[in-house]
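Got the viewer open and a hand on the mouse? Let's take a walk through this one, stop by stop.

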Amino acid sequence: HSSTFPPFDSGKTRRFGGGNVDEWLRHRTTTLEELGQWAIRFSPRVALDPPDGLLFDVGGSERLFGGEEKLAGAIVDAFEKLGFRARAAVASTIGCAWAVARYRQLVSVPLGGERNALAPLSIEALRLEPETVEGLVELGIETVAHLYELERDDLPARFGGELLLRLDQALGAALEPLEPLRPTFPPCAAFELEAPVELQATIAELERLLGELTEELERRGEGALRLECELQCAQAPPVREVVMLSRPNRDFAHLRSLLLPRIERAQLGFGVERVELRAPLTAAEPGRQVEPWENGERAHERALGELLDTLSGRLGRERILDLDVVESHLPEEAFRARPCQEVARRRTGTPRIAPLARPSRLFTPPDPAAVDADLLRWRGRTCRLVQRFGPERIEPAWWIDGVASARDFFRVEDEDGRWLWLARDASERWFVHGEWS
């Protein structure tokens, strides 16, 4: 996948591309515009080249990275760390950078070298419509060099004005405008005090800023997932407090209840000189309906999220855990205990797990048992099995050293109506691995 970079007066154009989104990006459902906003750290002028491209105006900003090629490498490395396979090229025009990044292994095209760089490329590198490409190929015109040999005056009559326009844009004979993204900054509210103030005045100022922040979140239709507070203190180190939330939230009372207890316990030295409040991580939050018309499920989710935030703030994030689904075919590896706030933020839609029958309660480690025909001896008692389904063979993870052998699993019902998950290993040993409740 590829993307393009825009033309400019004093500088060069870059093309960049990405694909193969990794687990983090899939959970976050990052869009091209979000990637463009993130990439503004490399250049103040970034534009979109849908469906898979970004345009960077690197005129001037390349000096901060030691040159155009080093800047190109830095951008590619950054996107590859996000899980994208990236290609890039630097040229004086969008068209040339677009073509070279997609069809050649060059990083930089020198000024004035556009004609030679484009010559060996397929005519598809000029960003032509499929119908135009088919018509050219039928005439034996397959590369840009073939176009150079034709009379310019004959081309518009046969293929329309698009062909010459794209060729001139790539060679720099026609302008191609850039429409950069408008940077969106995280919601932030700050105030610098004329003189250091004590705790009560600090809290009053913080509440005012929190009100401004929640109003800004309301205007954007977003809720905070991470809230940061920084206090600049007189003759004392700055106080920084971070509040993580399980679900997007912009409720003033809830955010206040999470933040203020931390501030009240902080060491403020001889007073606070500056207060700053920001929400660097946000997500869309649906508008709240006035009771009693608010959707019951949505209200329940909001209340649950606020409860988890409160418990995590008082007891510690690592003590309030939830089970997160892990994509593993091994039953004992198919879940993991993580902080509930992290699990709730990562969970989008239905977890991608195998549509197979799995017990609601898994025994770790499995309970040893013995099976003789239709009799099961387990936990000191013997019962008769009335139904049996299986086997389901689960192979070990061959890429991990020291794993157990393959196991055959059976779903059985005993005479008391309990459904159990039996496992038999290669040594013919039986275990009760789980139970449906």
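One term before we set off: a residue is called buried when its relative accessible area is under 20%, exposed when it is over 50%, and partly exposed in between. Keep in mind, too, that this is a predicted model.

**The whole view**

Start with a cartoon of everything. You'll be looking at 13 helices and 16 strands. The protein has 437 residues, and 42% of them count as buried. Switch on a surface and you have about 24400 Å² exposed, with carbon and sulfur atoms supplying 51% of it. If you draw contacts between residues at least 6 apart in sequence, 58% of them join residues at least 24 apart.

**Stop one: two nonpolar cores**

In soluble globular proteins, nonpolar side chains tend to be buried together. Select Leu-118, Leu-126, Leu-136, Val-144, Leu-147 and Leu-163: these touch the most other members of the largest nonpolar core, which has 28 residues. Several elements each bring at least two residues to this core, among them β4 (88-91), α6 (130-138) and α9 (161-171). The largest share, five residues, comes from α4.

Now centre on Leu-126. What is it in contact with, leaving aside its neighbours within four places in sequence? You should find Val-144, Leu-147, Arg-166, Leu-167 and Ala-170.

Apart from this core lies another, of 26 residues. To get there, select some of its members, including Ala-224, Val-239, Leu-245 and Leu-260.

**Stop two: Arg-127 and its partner**

Go to Arg-127, in the loop between α5 and α6. Most residues other than glycine have a negative phi, and most peptide bonds are trans. Arg-127 is not a glycine, yet its phi is positive, at about 65 degrees. Is this residue buried or exposed? With a relative accessible area of 16%, Arg-127 is buried.

Add Glu-176 to the selection. Its side chain meets that of Arg-127 in a salt bridge, at 2.9 Å from N to O. Glu-176 sits in the loop between α9 and β5 (188-197), while Arg-127 is in the loop between α5 and α6, so the pair ties together parts that are 49 residues apart in sequence. Glu-176 is buried as well, like Arg-127.

**Stop three: a charged network**

Side chains of opposite charge can pair when their charged atoms come close. Here the count comes to 27 salt bridges. For a linked set, show Glu-192, Arg-226, Glu-228, Glu-230, Arg-240, Arg-274, Glu-276 and Arg-278 as sticks: salt bridges join them in a network.

Zoom in on Arg-226 and Glu-228, whose side chains meet at 2.6 Å, N to O. Arg-226 is partly exposed because its relative accessible area is 27%. Glu-228 comes in at 15%, so it counts as buried.

**Stop four: a patch on the surface**

Next, pick helix α12 (residues 296-315), where Leu-311 lies. Together with Leu-307 and Leu-315, Leu-311 forms a nonpolar patch on the surface, with about 250 Å² of accessible area between the three. Leu-311 itself is partly exposed, at 33% relative accessible area.

**Stop five: aromatic rings**

Searching the whole structure turns up eight aromatic pairs. Take Phe-389 and Trp-419: their ring centres are 6.0 Å apart and their planes are at 25 degrees, so the pair is stacked. Phe-389 belongs to strand β13 (residues 381-394) and Trp-419 to strand β15 (residues 419-424), so the pair ties together parts that are 30 residues apart in sequence. Phe-389 is partly exposed, with a relative accessible area of 39%, and Trp-419 is partly exposed too, at 22%.

Then jump to Trp-38, Phe-42, Phe-65, Phe-79 and Phe-84, which ring pairs link into a cluster.

**Last stop: backbone oddities**

Stay with strand β13 for a moment and find Pro-391 there. The peptide bond between Gly-390 and Pro-391 is cis, with omega about 5 degrees. Another cis bond runs from Thr-364 to Pro-365, with omega near 0 degrees; Pro-365 is in strand β11 (residues 361-372).

Finish at Arg-379, in the loop between β12 (375-378) and β13. Arg-379 has a positive phi of about 55 degrees, although it is not a glycine. At 53% relative accessibility, Arg-379 counts as exposed.

Methods:
Residues numbered from 1 in each chain as written. Predicted model: local features only at pLDDT ≥ 70, side-chain atom pairs only at ≥ 80, totals over all residues. Heavy atoms only, no water. Patch = residues over 30% accessible without salt bridge, like charges linked within 9 Å, V, L, I, M, F, W, Y side chains within 5 Å. Areas by Shrake-Rupley, 256 points an atom, 1.4 Å probe, with all protein chains shown as cover. Salt bridge = Lys/Arg side-chain N within 4 Å of Asp/Glu carboxyl O. Helix = DSSP H or I, 4+ residues; strand = E, 2+ residues; numbered from the N terminus. Buried < 20%, exposed > 50% of the residue type's maximum accessible area, 1.4 Å probe, protein only. Core = buried A, V, L, I, M, F, W, Y, C linked by side-chain atoms within 4.5 Å. Contact = heavy atoms within 4.5 Å. Phe/Tyr/Trp six-rings, centres within 6.5 Å; stacked < 30°, edge-to-face > 60°.
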